[in-house]
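Please work through the exercises below with the sequence and the coordinates open beside you. Each task is followed by a solution that goes step by step.

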Amino acid sequence: IWTTGHDMLGRSALYNYLSATVAQLMPGAVVLAAWGSKLGHPFGWGRLGYGPKPPSLQVLVSEVAMEELNEIIDVLFQINTAAPLFFQRGQRLRPAIEVMFAVQIMYYDERCQAGEMRDVTIRQR
């Protein structure tokens, strides 16, 4: 696409982000993360505070063994011996997979009610 000169912006919003810099993406990321909205006010210039944090499985670990959660994660995200090594247990991107799983749990009811991601919600049952 880049070498042919074709314009794919009308096909997908993805092409707006492919060559974007971090500086261009930050305002949108802050809005999507609803930074400060739970505090009642956004952080203004020069104000310090805690930014958004990804969901965590730590609250579940007190009730369910992490080994059991890892088994569920591997099944849900189809992480097996054919999956990239960096997604395997103990590897560098495994925490990202755990955050995605925590998000799946957080929004399970909403996704079921909206009829979204049926294949995933069925696998989560």
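## Exercise 1: A buried arginine

The side chain of Arg111 makes a polar contact with the side chain of Gln104, at a distance of 2.5 Å. The model is a predicted one, and the values discussed here are computed from it.

Task: Establish where Arg111 lies, and decide what the nearest side chain of opposite charge is and how far away it is.

Solution. Step one is to place the residue: Arg111 belongs to helix H6, which covers residues 108-114. Step two is to look for a charged partner: Arg111 is buried and yet has no salt bridge, and the nearest side chain of opposite charge is that of Glu116, 4.8 Å away. Because a salt bridge requires a side-chain nitrogen of Lys or Arg within 4 Å of a carboxyl oxygen of Asp or Glu, the 4.8 Å between Arg111 and Glu116 does not qualify. Step three is to list the surroundings: leaving aside residues up to four places away in sequence, Arg111 touches Val103, Gln104, Glu116, Met117 and Thr121.

## Exercise 2: A salt-bridge network

Task: Determine how many salt bridges the model contains, and work out which residues they join into one network.

Solution. Step one is the count, which comes to three salt bridges. Step two begins with Arg89 and Glu67, whose closest N and O atoms are 2.6 Å apart in a salt bridge. Since Arg89 lies in the loop between helix H4 (66-76) and helix H5 (94-106) while Glu67 lies in helix H4, this pair ties together parts that are 22 residues apart in sequence. Both partners are partly exposed, Arg89 with a relative accessible area of 34% and Glu67 with a relative accessibility of 43%.

Step three turns to the salt bridge between Arg89 and Asp74, where the closest N and O atoms are again 2.6 Å apart. Here Arg89 is in the loop between H4 and H5 and Asp74 is in helix H4, so the pair ties together parts that are 15 residues apart in sequence. Asp74 is buried, with a relative accessible area of 15%.

Step four adds the salt bridge in which the side chains of Arg94 and Asp74 meet, at 2.9 Å from N to O. This pair links distant parts of the chain, with Arg94 in helix H5 and Asp74 in helix H4, 20 residues apart. Arg94 and Asp74 are both buried. Step five collects the result: through shared partners, the salt bridges join Glu67, Asp74, Arg89 and Arg94 into one network.

## Exercise 3: The buried face of a helix

Task: Identify which residues of H4 are buried, and explain why they line one face of the helix.

Solution. Step one is the list: the buried residues of H4 are Leu69, Asn70, Ile73, Asp74 and Leu76. Step two is the geometry: viewed down the axis of H4, its buried residues fall within an arc of 165°, and therefore they line one face of the helix. As background, an α-helix has 3.6 residues a turn, so residues three or four places apart point the same way. Step three asks what covers this face: the elements over the buried residues of H4 include helix H3 (58-61), H5 and helix H7 (118-124). Leu76 gives an example at the level of residues, since it touches Phe101, Gln104, Val120, Arg123 and Gln124 when residues up to four places away in sequence are not counted.

Step four connects H4 to the largest nonpolar core, which has nine residues in all: Leu57, Leu69, Ile73, Leu76, Ile79, Ala83, Ile97, Phe101 and Ala102. To this core H4 and H5 each supply at least two residues.

## Exercise 4: After the helix

Task: Find which residue just after H4 takes a positive phi, and state whether that residue is buried or exposed.

Solution. Step one is to locate the residue: just after H4, Gln78 takes a positive phi of about 55°, and Gln78 is found in the loop between H4 and H5. Step two is to compare with expectation: most residues other than glycine have a negative phi. Gln78 has its positive phi although it is not a glycine. Step three is the accessibility: at 52%, Gln78 counts as exposed.

How values were computed:
Residues numbered from 1 in each chain as written. Predicted model: local features only at pLDDT ≥ 70, side-chain atom pairs only at ≥ 80, totals over all residues. Heavy atoms only, no water. Helix = DSSP H or I, 4+ residues; strand = E, 2+ residues; numbered from the N terminus. Buried < 20%, exposed > 50% of the residue type's maximum accessible area, 1.4 Å probe, protein only. Arc of directions from axis to C-beta. Contact = heavy atoms within 4.5 Å. Core = buried A, V, L, I, M, F, W, Y, C linked by side-chain atoms within 4.5 Å. Lys, Arg positive; Asp, Glu negative; His and termini not counted. Polar contact = N/O pair within 3.5 Å; in protein donor to acceptor, adjacent residues only side chain to side chain.
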